[in-house]
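Me: Please take a close look at one part of this structure. I would like the surroundings of one side chain first, then how that part fits into the rest.

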Amino acid sequence: MKKRIVSVLLCMTMLSVMLAGCGGKSGSSDGGGSTGSGTDSGADGTAAASDDKPFAGEKLTVLYMSGVYADAAKSIVADFEAETGATVEVVDFPYTTLHEKALLDLTSGTGSYDIIDVASQWDGEFAPYMTDLGPMMEKDGYQTDVFIENVFANSGLWQGTTMGIPNASTPQLFAYRTDLLPDGLPDTWEEYRTAAKELTDPDSGMYGISVSATTGQLGGVFDYVLWSMGGAWADEDWNVTIDSPETRAALEHLKEIQDYSDPSILAWGVEESIKAFLDGNAAICETWPTLGLVQAADDETQSKVAGKWALSLIPHDKTGATLLSAWDVAIPAASKNQELAWEWIKMYTSEENQNKFYDEFGILSPRKTFWERDGIKGTYMDTVREALDTANMWWRVPASTEVDTMLNTVVSEYMSGQTDLETAVQKMKTGIEEALKNAPPEEGTKNYNL
């Protein structure tokens with residue numbers, strides 16, 4: 001059965017786990033130093049707390065990924081300061097350095113940040129240094145059943161403890177040309193490759209597929225192909241299973257689609273792959289389409305495919321599981337402003353602000369009610385919602401970062417012809433085993449990513 005066409009505009013800029021926005025910077029948002037009206041000053045010049053300004057004189061420092069998440073944080077600073085009497089500084093770094101900056105602060109116990117927006121693949125690594133939010137949630141009657149179960153399980157919940165509250169989530173989806181693929185994308189990767197081959201005409205500059213295959217993106221591409229084919233890095237008890245027919249099939253698939261893609265794809269990031277699709281030079285855009293594609297695809301000043309494109313789930317061989325990008329806001333144990341930080345989390349993840357963040361910044365909410373909104377439910381967004389129920393995040397244990405880095409390198413080596421198939425598989429096996437040895441999962445932790 002062909003997947004039904006899902007069309008037009010998806011107003012969302014995401015990142016993921018896979019890509020960041022601007023360069024790192026820090027600073028307060030508009031009016032960052034103000035504490036709001038009606039707050040008395042103490043003898044030392046600092047604001048004195050009052051009943052209606054319970055945190056007057058305190059300063060909150062929050063850390064976010066550069067781009068829309070940091071922008072969303074800055075957009076509520078004035079309201080938060082007016083409500084609490086505190087001041088807020090929003091610090092942000094691009095994805096490529098955010099992990100290092102956050103981990104250094106956490107392991108040193110410096111407490112520079114009262115809030116950290118955590119990419120869900122870092123949850124297990126960061127968990128020992130984070131505050132258990134359970135007592136605060138119980139005190140305020142904060143319910144987590146308002147979130148999509150699969151998203152919350154992959155973002156914020158760790159070993160039965162709530163260490164963060166989900167604030168953003170998106171699945172990998174493919175964009176395709178409806179005039180060239182009127183029945184939608186095929187259901188299997190074999191049929192997908194056949195369709196891409198038929199649509200490829202290098203002499204005219206037309207290719208079947210555009211894909212983000214630069215190192216840093218390629219590991220994620222390999223992951224969703226592997227998972228969809230039924231493969232996995234390891235079994236639930238962390239026995240490495242990467243040496244499998246599914247791994248070989250996934251690698252061979254990636255090698256073959258190079259014939260149906262622009263010769264430069266190994267140097268392409270998201271921006272380049274999206275541009276190729278918008279310029280009408282690719283039938284399928286195999287990337288994070290919400291990182292700019294959907295915002296420009298129907299703008300005729302930016303796109304040659306206006307009115308001729310749609311979104312689809314990825315091909316479904318065995319599982320159809322795609323890649324999940326999710327983030328959760330958490331409080332470091334070293335924070336000296338934990339109550340104030342919890343107030344920030346409640347405001348940042350509130351239904352009102354989650355809706356606002358979609359409307360203003362294109363951030364998709366993990367709240368169930370968001371997907372019932374007029375203009376959301378009953379549209380192409382139902383496909384996005386469907387994917388969120390099954391989308392996978394790679395491991396969230398400390399070994400995750402090392403494995404992801406290794407896979408990016410090995411897959412890139414294989415696709416560029418620096419290593420052969422069997423060598424690549426053995427490098428993957430050795431790399432995963434070494435990562436698990438260097439950072440063993442805590443006792444009782446199961447691998448759910450199968």
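Reply: Start with tyrosine 348. In this predicted model, tyrosine 348 touches Tyr64, Tyr69, Ala72, Ala73, Ile76, Asn167, Val329, Asn353, Gln354 and Phe357, leaving aside residues up to four places away in sequence. Tyrosine 348 also belongs to the largest nonpolar core, which has 131 residues. Within that core, the residues with the most contacts are Tyr64, Phe222, Leu293, Trp344 and Tyr348. Helix H15 gives the largest share of this core, eight residues. Another core lies apart from it, with 16 residues. Among them are Tyr358, Leu364, Leu388 and Ala391.

Now the rings. Ring pairs join Tyr348 to a cluster with Tyr64, Phe80, Trp344, Phe357 and Phe361. The structure holds 20 aromatic pairs. One of them is phenylalanine 80 with tryptophan 344, and the geometry is edge-to-face. The centres are 5.1 Å apart and the planes meet at 75°. This pair links distant parts of the chain. Phenylalanine 80 is in helix H2 (residues 77-84), tryptophan 344 is in helix H12 (residues 338-348), and 264 residues separate them. How buried or exposed are the two partners? Phenylalanine 80 has a relative accessible area of 1%, so it counts as buried. Tryptophan 344 is at 0%, so it is buried as well.

A second edge-to-face pair is formed by tryptophan 238 and tryptophan 395. Here the centres are 5.0 Å apart, with 80° between the planes. Both partners lie in loops. Tryptophan 238 is in the one between helix H8 (218-228) and helix H9 (245-257). Tryptophan 395 is in the one between H14 and helix H15 (399-415), so the pair ties together parts 157 residues apart in sequence. Tryptophan 238 and tryptophan 395 are both buried. A ring also meets a charge elsewhere: the charged end of lysine 255 sits over the ring of tyrosine 414, 5.2 Å from its centre.

Back to the neighbours of tyrosine 348. Gln354 is one of its contacts, and Gln354 is also touched by arginine 367. Arginine 367 is found in the loop between helix H13 (351-361) and helix H14 (381-388). Its other contacts are Tyr142, Val146, Phe147, Thr349, Ser350 and Glu351, again leaving aside residues up to four places away in sequence. Which salt bridge does arginine 367 form, if any? It has none, although it is buried. The nearest side chain of opposite charge is glutamate 351, at 4.8 Å. A salt bridge needs a side-chain nitrogen within 4 Å of a carboxyl oxygen, so this pair does not count as one.

Other charged side chains do pair up. The structure holds 20 salt bridges. Lysine 74 forms one with aspartate 92, with the closest N and O atoms 3.8 Å apart. This pair also links distant parts of the chain: lysine 74 is in helix H1 (residues 68-75), aspartate 92 is in strand S4 (residues 87-93), and they are 18 residues apart. The two ends differ in exposure. Lysine 74 is partly exposed, with a relative accessible area of 24%. Aspartate 92 is buried, at 0%.

Arginine 248 and glutamate 422 form another salt bridge, with the closest N and O atoms 2.9 Å apart. Arginine 248 is in helix H9 and glutamate 422 in helix H16 (residues 421-438), so the pair ties together parts 174 residues apart in sequence. Arginine 248 has a relative accessible area of 19%; the cut-off for buried is under 20%, so it counts as buried. Glutamate 422 is partly exposed, at 40%.

Helix H13 has a local example. Lysine 356 forms a salt bridge with glutamate 360, the closest N and O atoms being 3.3 Å apart. Both lie in helix H13, four residues apart, about one turn of the helix. Lysine 356 counts as partly exposed, at 23% relative accessibility. Salt bridges with shared partners also join Lys139, Asp140, Glu343 and Lys346 into one network.

Finally, the whole chain. The protein has 16 helices and 13 strands. Of its 450 residues, 58% count as buried. Among contacts with a separation of 6 or more, 79% are between residues 24 or more positions apart.

Key. Residues numbered from 1 in each chain as written. Predicted model: local features only at pLDDT ≥ 70, side-chain atom pairs only at ≥ 80, totals over all residues. Heavy atoms only, no water. Helix = DSSP H or I, 4+ residues; strand = E, 2+ residues; numbered from the N terminus. Buried < 20%, exposed > 50% of the residue type's maximum accessible area, 1.4 Å probe, protein only. Lys, Arg positive; Asp, Glu negative; His and termini not counted. Contact = heavy atoms within 4.5 Å. Phe/Tyr/Trp six-rings, centres within 6.5 Å; stacked < 30°, edge-to-face > 60°. Lys NZ or Arg CZ within 6 Å of the ring centre and 35° of its normal. Core = buried A, V, L, I, M, F, W, Y, C linked by side-chain atoms within 4.5 Å.
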